[in-house]
Amino acid sequence: MAIERTFSILKPDATERNITGAINALIEKAGLRIVAQKRIRMTRDQAETFYAVHKERPFFGELVDFMISGPVVVQVLEGEGAIAKYRDVMGATDPSKAADGTIRKAHAKSIGENSVHGSDAAETAKIEIAQFFSGNEIVG
Ligand code: GDP
């Protein structure tokens, strides 16, 4: 399988509980390499752009408010089949449906405050990485 890069966010519920290291340990245990990482506070504009695909959904306002409620850690992860692999490691959006051993099963608080984001396809990974990182910040 090809080496890919995917975009990850450790969300405000994770930074608030000081569990970013615990989540990174699960990421690395799965064979994914963190090739870029920074802690930022998203602006409302950045969050609305990032989640624009969901803007007609009833939870959009709540989602944007949550994503700007505290610091987040944005990351680029690299590895074989990284996009699908990270989705597997994250687990289902709703933690009550997430499989044992996944990040969301272990750490997510609710369907909204679910600790992590991961790109869902190669095209979105490229767009999401470019929204937050310049090429020279990614060191593989
Ligand atoms: P993901 O790809 O597993 O992150 O899930 P989606 O793309 O469907 O949704 C994006 C994000 O929106 C999720 O990770 C949640 O943070 C949030 N979200 C999804 N569904 C709900 C919901 O029913 N209520 C709330 N408050 N947030 C939701």
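**View 1. Backbone contact at G112 in the predicted model.** A polar backbone atom of G112 lies 2.9 Å from an oxygen atom of the ligand. The model shown here is predicted. G112 is one of the residues around the ligand, as is I111.

**View 2. Side-chain contacts from T93 and N114.** In the side chain of T93, an N or O atom is 2.6 Å from a ligand oxygen. N114 also contributes through its side chain: a polar atom there sits 2.9 Å from an oxygen atom of the ligand. How much of the ligand's area does the protein bury? Taken alone, the ligand exposes 560 Å², and the protein buries 80% of that.

**View 3. The shell around the ligand.** The surrounding residues are K11, Y51, H54, F59, E62, L63, R87, T93, R104, I111, G112 and N114. By class, the shell splits into 4 nonpolar, 4 polar and 4 charged residues. Y51, F59, L63 and I111 make up the nonpolar group. K11, E62, R87 and R104 are the charged ones. H54, T93, G112 and N114 count as polar.

**View 4. The pocket.** Which pocket does the ligand take up? The ligand occupies the space of the largest pocket.

**View 5. The chain that frames the site.** The protein chain has 7 helices and 4 strands. Along the sequence, the order is β-α-α-β-α-α-β-α-α-β-α. The radius of gyration is 14 Å, close to the 14 Å from the globule rule for 140 residues, so the chain is as compact as a globular protein of that length. Along the principal axes, the C-alpha atoms fill a box of roughly 40 × 35 × 25 Å.

Conventions. Residues are numbered from 1 along each chain as its sequence is written. This is a predicted model: local features need pLDDT of at least 70, side-chain atom pairs count only at pLDDT 80 or more; totals for chains, interfaces and linings use all residues. Side-chain values use heavy atoms; hydrogens and water are left out. A residue is near a molecule or strand if one of its heavy atoms lies within 4 Å of it. A polar contact is a pair of N or O atoms within 3.5 Å; within protein, one must be able to donate a hydrogen and the other to accept it, and residues adjacent in sequence count only if both atoms are side-chain atoms. Accessible areas come from the Shrake-Rupley method with a 1.4 Å probe; for residues, only the protein chains shown count as cover. On a 1 Å grid over the protein atoms alone, a cavity is a set of points where a 1.4 Å probe fits but cannot get out, and a pocket is an open set with protein on both sides within 12 Å along at least five of seven lines; lining residues have an atom within 4 Å of a point. A molecule sits in a cavity or pocket if more than half of its atoms lie within 2 Å of its grid points. Helices (H or I, at least four residues) and strands (E, at least two) are DSSP runs, numbered from the N terminus. The radius of gyration is taken over C-alpha atoms; the globule rule is 2.2 Å times the number of residues to the power 0.38.
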